[in-house]
Amino acid sequence: MSEKTGVAFQSTKEQEEQLKAVIEKYKKESGALIPVLHEAQDIYGYLPIEVQQKIAEGLGISMAEIYGVVTFYTQFSTNPKGQYKIGVCLGTACYVKGSGNILDKIKDKLGIDVDECTPDGKFSIDATRCIGACGLAPVMTVNEDVYGRLVPEDIDGILAKYM
């Protein structure tokens, strides 16, 4: 069980078979770890310790090496993501215009912190760097939807669209 999210890792037989096939596909290639991690994350949505262990065993790589790669590269996540992935830009322009207050409002409303997922699996929060919408600062995204020129009072209405 994840300490941060309270959501227990669950794997289906289909996911396990897909992961085995991915490991088998790359097993004999040098530099296989990153492609395997990408495909494993596509299968599970994140890389929990249980999946990292299966990859370590399948590729004959230490857990320390796998964990080091997973935690070094920002495209990998060790926490589950929600159906609605909220990203709050903390780049300079957004931060100066109040994105920290936006992030605080979202955290309070959902009862979770950055890199966490709500127990129902509906929402997760990420603190992002510049997303290239500085003219709309402060900015947040919900999946592919972009919301700009935000004030904390906007958050309830935005989240209500996804509840």
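What follows is a walk through some of the salt bridges in this structure, which is a predicted model. Side chains of opposite charge can pair when their charged atoms come close. A search of the whole structure finds 8 salt bridges, and the paragraphs below take up several of them.

A good place to begin is helix α6, which spans residues 99-110. Within this helix, the side chains of Asp104 and Lys107 meet in a salt bridge, with 3.9 Å from N to O. Because these two residues are 3 residues apart in the helix, about one helical turn separates them. Asp104 is partly exposed, having a relative accessible area of 38%, and Lys107 is likewise partly exposed, with a value of 22%.

From helix α6 the reader can move on to Asp156, which forms a salt bridge with Lys105, the closest N and O atoms lying 3.8 Å apart. Asp156 belongs to helix α7 (residues 155-160) and Lys105 to helix α6, so this pair ties together parts that are 51 residues apart in sequence. Asp156 is partly exposed at a relative accessible area of 35%, while Lys105, at 28% relative accessibility, also counts as partly exposed.

Asp156 meets Lys109 as well, in a salt bridge of 3.5 Å from N to O. Since Lys109 lies in helix α6 and Asp156 in helix α7, the pair ties together parts that are 47 residues apart in sequence. Lys109 is partly exposed, with a relative accessible area of 40%.

Elsewhere in the chain, Lys13, Glu17 and Lys20 are joined into one network by salt bridges that share partners.

Methods: Residues numbered from 1 in each chain as written. Predicted model: local features only at pLDDT ≥ 70, side-chain atom pairs only at ≥ 80, totals over all residues. Heavy atoms only, no water. Salt bridge = Lys/Arg side-chain N within 4 Å of Asp/Glu carboxyl O. Helix = DSSP H or I, 4+ residues; strand = E, 2+ residues; numbered from the N terminus. Buried < 20%, exposed > 50% of the residue type's maximum accessible area, 1.4 Å probe, protein only.
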